Every structure is written in structure tokens, then in C-alpha cells.
Amino acid sequence: MDLYLAKKQESITGSERKYLMDNTYWDNYYSTMNEWIEPSQFAKDILPIADKGKVLIELGCGNGRDALFFAKNGLKVVAVDQSKIAISKLQSTYANENIEFIADDFVHSNVLGSDSFNYAYSRFTMHSITEEEQDILLQKVYDSLKINGKLFIEVRSVKDDIYGLGEEVGRNAYYYNEHYRRFIVLEELTQKLQSIGFQINKAVEANNFAIYKDENPIVIRVIAQKS
Ligand SMILES: C[S@@+](CC[C@H](N)C(=O)[O-])C[C@H]1O[C@@H](n2cnc3c(N)ncnc32)[C@H](O)[C@@H]1O
């Protein structure tokens with residue numbers, strides 16, 4: 001993080017600080033991204049239950065590994081991320097008729113229209129937003145899905161080993177390693193989804209889903225359907 005931003009943070013708080021910190025963190029992170037990497041285990045596990053030719057929106061595609069995996073395997077994909085660096089690299093290298101990349105804030109973006117998508121996919125992004133943003137987003141996702149459309153979520157749990165590390169900035173929310181994470185309580189997430197109208201097809205909380213280097217966090221997986 002540069003000195004200007006570090007200084008600016010002394011006088012700003014709340015959502016503006018989160019926006020600045022996270023944008024800077026992820027832009028820096030993706031500026032060193034040069035090549036295609038393996039899709040996540042979550043994407044590999046979801047692919048068999050997603051029908052070819054259907055339209056999927058990815059909320060927070062990062063370096064595009066899962067979005068590209070879905071598109072290569074027959075889905076039409078719209079991939080959104082706030083990182084202009086990540087999205088411009090993806091647009092210049094990988095955009096084609098089966099995949100579109102959009103630089104935007106997925107909470108407030110108009111890309112989530114009405115009755116537009118068969119699937120919405122969020123891997124490790126629901127914990128990047130505040131509870132208020134999550135409430136806005138989940139309703140918008142519900143509205144944007146077609147009947148029987150599915151929402152796939154993989155997200156950090158309050159049972160994660162790194163829960164509680166760093167600076168506490170809200171309920172279950174911390175700045176750690178220069179970016180924001182809000183750890184999720186499984187039952188609260190499923191209740192919220194049900195209150196919006198989703199049916200819960202699957203809700204699990206376990207490790208061995210998202211192994212990365214020497215980390216094997218307990219994560220939550222939810223599949224919710226608009227019925
Ligand atoms: C932990 S990374 C996960 C990336 C990807 N889903 C994966 O699994 O590799 C979180 C991503 O969410 C993006 N993100 C977080 N909040 C966002 C928001 N409100 N709108 C758009 N993108 C967001 C970040 O820029 C970052 O690329």
C-alpha cells in the first residue's frame with residue numbers, strides 16, 4: 001500500500017476505507033498475474049450440475065480462472081470484478097462470444113438485471129462485503145435469476161483458523177493482510193437466503209474443500225435455488 005493511501009486512511013473510515021483498501025489490495029495482487037491458473041475445486045465440483053449452454057454470472061472473478069473454466073466447458077459466462085487491472089487483462093486476452101468481463105462493484109452494478117441468469121457463482125467473495133451489502137446483493141441475485149436458477153456460494157466460515165486475526169471492524173469482520181474479510185455463520189446465511197425465497201439444496205461446512213498451499217480452512221458451501 002502506498003504512503004498516500006496509508007495517510008488517507010487516517011482520516012477516513014467505514015465503507016470508503018474498505019473500498020480504497022480492497023481495491024488497492026486486489027489491483028496490486030492481480031498486477032503480478034500473468035498466466036492462466038487452475039480452476040478452484042469448487043468450480044470443478046459445480047460444473048457437473050450446471051447445464052451446458054446456460055448463462056452463469058460470476059460475482060468477483062479475480063484472475064478469471066473459474067469463469068474461463070466454465071466458459072471452456074460450455075456455459076455462457078458474465079464475469080464481474082472490481083479490479084480494473086484484473087478485468088482489463090482478461091478482456092484483452094480471453095474475451096470471446098462465450099465470456100464477457102465487466103469491471104464493476106457487483107453489489108451496486110446494474111449487470112444483475114431481472115430474470116437474466118440461470119446460475120450465479122460466488123467463490124470467496126461473499127466474505128469480501130459487509131452484511132448490509134450482502135443483503136442488497138442476495139436480493140438482487142434472487143431477482144436476476146430465472147425460475148429454478150441456482151446460486152452457488154463458497155465462503156469463509158467463522159470456524160476458519162484466521163477468524164479473529166487482525167483489526168476488528170464489525171461483527172465477524174476484520175482487516176487482516178491489508179484486506180477485509182467478514183466470516184460467515186452458516187445458519188445465518190441459509191436463513192437469509194430462505195427469507196428472500198431461495199430453497200436450500202445443499203449447505204455444508206467443512207475443510208478439504210479449499211486447500212491452498214499449507215492452508216486447509218473450514219469453508220461453507222451453499223447451493224440455493226429460486227423455486
Ligand atoms: C478472494 S478473491 C476470489 C477470486 C475468485 N473468485 C477465486 O476464487 O479465485 C475475491 C475477489 O472478489 C473481488 N471483489 C470483492 N468485493 C467485490 C465487489 N464488491 N465487487 C466486485 N468484486 C469484488 C475482489 O476484487 C477479488 O478479485
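**Figure 1. Surroundings of N216 in the loop between β9 and β10****.** In this predicted model, N216 is in contact with N207, N208, F209 and I211, when its neighbours within four places in sequence are left aside. The loop that holds N216 runs between strand β9, which covers residues 198–206, and strand β10, which covers residues 219–226. N216 has a relative accessibility of 31% and therefore counts as partly exposed, since that class lies between the cut-offs of 20% and 50%. For orientation within the chain, the C-alpha atom of N216 is separated by 32 Å from that of Q91, a residue 125 places away along the chain.

**Figure 2. V204 in strand β9 and the residues it touches****.** V204 lies in strand β9, and, not counting residues up to four places away in sequence, it touches L186, F209, V219, I220 and R221. The C-alpha atoms of V204 and R221 are separated by 5.3 Å, although these two residues stand 17 residues apart along the chain. With a relative accessibility of 27%, V204 counts as partly exposed. F209, which is among the residues touched by V204, is also one of the contacts of N216.

**Figure 3. The packing of helix α6 with helix α7****.** Helix α6 spans residues 131–144 and helix α7 spans residues 186–196, and the two pack at an angle of about 45° with their axes 10 Å apart. That angle makes α6 oblique to α7, and the crossing in which α6 passes α7 is right-handed. On the side of α6 the contact is made by Q134, D135, L138, Q139 and Y142, while α7 contributes L189, K192, L193 and I196. Sorted by class, the residues in this contact of α6 with α7 are five nonpolar, two polar and two charged.

**Figure 4. The crossing of helix α2 and helix α5****.** Helix α2, made of residues 14–31, crosses α5 at roughly 40°, and the axes of the two helices come within 7 Å. The residues that make the contact are D27, Y30 and S31 of α2, together with K84, I85, A86 and K89 of α5. By class, this contact of α2 with α5 has three nonpolar, one polar and three charged residues.

**Figure 5. Helix α4 and the elements packed around its buried residues****.** Helix α4 consists of residues 65–72 and is mostly covered, with six of its eight residues buried. These buried residues are D66, A67, L68, F69, F70 and A71. They pack against two helices, α3 (41–46) and α5 (84–94), and against the strands β1 (55–59), β2 (76–81), β3 (99–103) and β4. Just after α4 comes G74, which takes a positive phi of about 100°.

**Figure 6. G53 in the loop between α3 and β1****.** G53 has its place in the loop that runs between α3 and β1, and its relative accessibility of 47% means that it counts as partly exposed. Not counting residues up to four places away in sequence, G53 touches G74, L75 and K76. G53 and L75 are 22 residues apart in sequence, yet their C-alpha atoms are 4.9 Å apart in space. The residue G74, touched by G53, is the glycine with a positive phi found just after α4.

**Figure 7. F124 and N148, two residues with positive phi that are not glycines****.** F124 has a positive phi of about 60° and is found in the loop between β4, which covers residues 117–123, and α6. The relative accessible area of F124 is 18%, which is under the 20% cut-off, so F124 is buried. The phi of N148 is near 75°, and this residue is found in strand β5, which covers residues 145–156. At 47% relative accessibility, N148 counts as partly exposed.

**Figure 8. The whole protein chain, as a setting for the close-up views****.** The protein chain contains seven helices and ten strands. Its radius of gyration is 17 Å, close to the 17 Å that the globule rule gives for 227 residues, so the chain is as compact as a globular protein of that length. Taken along the principal axes, the C-alpha atoms fill a box of roughly 50 × 40 × 35 Å, and buried residues make up 49% of the 227 residues. Among contacts between residues at least 6 apart in sequence, 66% join residues that are at least 24 apart.

Technical notes:
Residues numbered from 1 in each chain as written. Predicted model: local features only at pLDDT ≥ 70, side-chain atom pairs only at ≥ 80, totals over all residues. Heavy atoms only, no water. Axes fitted to C-alpha atoms, helices over the stretch in contact; angles between N-to-C directions. Helix = DSSP H or I, 4+ residues; strand = E, 2+ residues; numbered from the N terminus. Parallel < 35°, antiparallel > 145°, perpendicular 65-115°, else oblique. Left-handed = near helix turned anticlockwise from the far one by under 90°. Contact = heavy atoms within 4.5 Å. Nonpolar A, V, L, I, M, F, W, Y, C, P; charged D, E, K, R; others polar. Rg over C-alpha atoms; globule rule 2.2 N^0.38 Å. Buried < 20%, exposed > 50% of the residue type's maximum accessible area, 1.4 Å probe, protein only.
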